Protein chains: 2
Amino acid sequence: MKLSTRGDYATRVLLELCTAEGPRPVSVTDLANRTAISQKYLEQIMGQLRSAGIVRSERGLHGGYELAREPDGLTVGEVIRIMDGPLAPSPCASRSAHVPCPAYRCAVEESCVMRSLWLEVRDAIAEVLDRTTFGDLTRRQQSSLALSRAMYHI
Amino acid sequence: MKLSTRGDYATRVLLELCTAEGPRPVSVTDLANRTAISQKYLEQIMGQLRSAGIVRSERGLHGGYELAREPDGLTVGEVIRIMDGPLAPSPCASRSAHVPCPAYRCAVEESCVMRSLWLEVRDAIAEVLDRTTFGDLTRRQQSSLALSRAMYHI
DNA sequence: TGAATCCCTATCGAATTAGTAGGATTATCA
DNA sequence: TGATAATCCTACTAATTCGATAGGGATTCA
């Protein structure tokens, strides 16, 4: 049930884009330095996010990336699906990209006990990821930052 | 967030062991035929389940496998962890086999916003899989079987 | 003894993952 | 107008994992 590095990195970078101070848009070089991700690899990830309409880019000098949407309108679930495919543990339990079981292994899909369990798991994952927006994450990060500053009397 | 075939096959076979009619123990040949899984591959999976104490085996003629525990005391979560490792989408969010983030990427793990989200996901998955036993699955299968028999007036 | 069974280990091809590499294109600015 | 800094595009690759396949040894029972 593992997340790929692409899904991991994409969510980190988007959160960085939400909270970044300084000039916009933000270049891949800056993003890579701040997140400790290989720059060339990150270029590919940003390209994928761009063609999915999550970020928009500006080319040329002082170019870079910025969010194409309001953070409160962008869920983690959407991003993970773009980078890693359906959330469901088994293709037969995906609601967004359903693929039936091989017939000989699961004759009547609707009455397959294992599939109904994977559907439960899929729904449990989706409930968390589709309700959490990058706006939520941004506020959480800001409040935990405020807390740690208070702890150290800064 | 995909399940491997090993996790998939293991759960199918264990459910088959719960519901199988006929002589016990059940040979791998029979199990492979009934589940449409390659026999040699299934041997490896059964070996892993045996050394984890999920099934017990008898060697020699009329040997085979049977459950080592009561179906009501065996959860799907336990089996998936044996076959596929921790349920958490990220090693830093595993409760059973925690591995910290590389320090340069996530300085203070306790305040990492992404990690707390992966923990939520992990807990959502575990809630389903650790509450569902093979006894539950067996009863679900039997009731759906009874229903389909009634539908066809058998 | 022979057949059926589990048991163990090695191998292997295909796919996926996680990056590298190189360069073309585009925009800005001095 | 030319240098520079950025995105963009495509190909390649090394390592790992996945999903088996293969062969044979050990064990039990009739």
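**Exercise 1. Find the polar partner of Glu16(A), and say whether Glu16(A) is buried or exposed.**

Solution. Start with the side chains: those of Glu16(A) and Arg34(A) are joined by a polar contact of 3.4 Å. Here a polar contact is a pair of N or O atoms within 3.5 Å; within protein, one must be able to donate a hydrogen and the other to accept it, and residues adjacent in sequence count only if both atoms are side-chain atoms. Before going on, a word on the model: it is predicted, so local features need pLDDT of at least 70 and side-chain atom pairs count only at pLDDT 80 or more, while totals for chains, interfaces and linings use all residues. Residues are numbered from 1 along each chain as its sequence is written, chains are lettered from A and ligands numbered from 1 in the order in which they are written, and side-chain values use heavy atoms, with hydrogens and water left out.

Next, place the residue: Glu16(A) sits in helix H1 (residues 5-19) of chain A. Helices are DSSP runs of H or I with at least four residues, strands are runs of E with at least two, and both are numbered from the N terminus. Leaving aside residues up to four places away in sequence, Glu16(A) touches Leu31(A), Arg34(A) and Thr35(A); contact means heavy atoms within 4.5 Å. Finally, Glu16(A) has a relative accessible area of 18%, so Glu16(A) is buried (under 20%; exposed is over 50%, partly exposed in between; 1.4 Å probe, protein chains only).

**Exercise 2. Work out which operation superposes chain A on chain B.**

Solution. The operation is a rotation of 180° with 0.0 Å of shift along its axis, giving an RMSD of 0.1 Å (least squares on the C-alpha atoms of residues with pLDDT of at least 70 in both copies). That is how a two-fold axis relates copies. In chain A, the C-alpha of Met1(A) is nearest the axis, at 2.0 Å.

**Exercise 3. Describe which residues come nearest DNA strand D and which make polar contacts to its bases.**

Solution. Of the 24 residues around the strand, Val28(A), Ser57(A), Tyr65(A), Lys40(B) and Gln44(B) come nearest; a residue is near if one of its heavy atoms lies within 4 Å. H3(A) gives the most to this surface, 4 residues.

Now look at the bases. A side-chain N or O atom of Arg59(A) is 3.2 Å from a base oxygen, and one of Arg59(B) is 3.3 Å from a base nitrogen. Leu61(B) uses a backbone N or O atom, 3.1 Å from a base oxygen.
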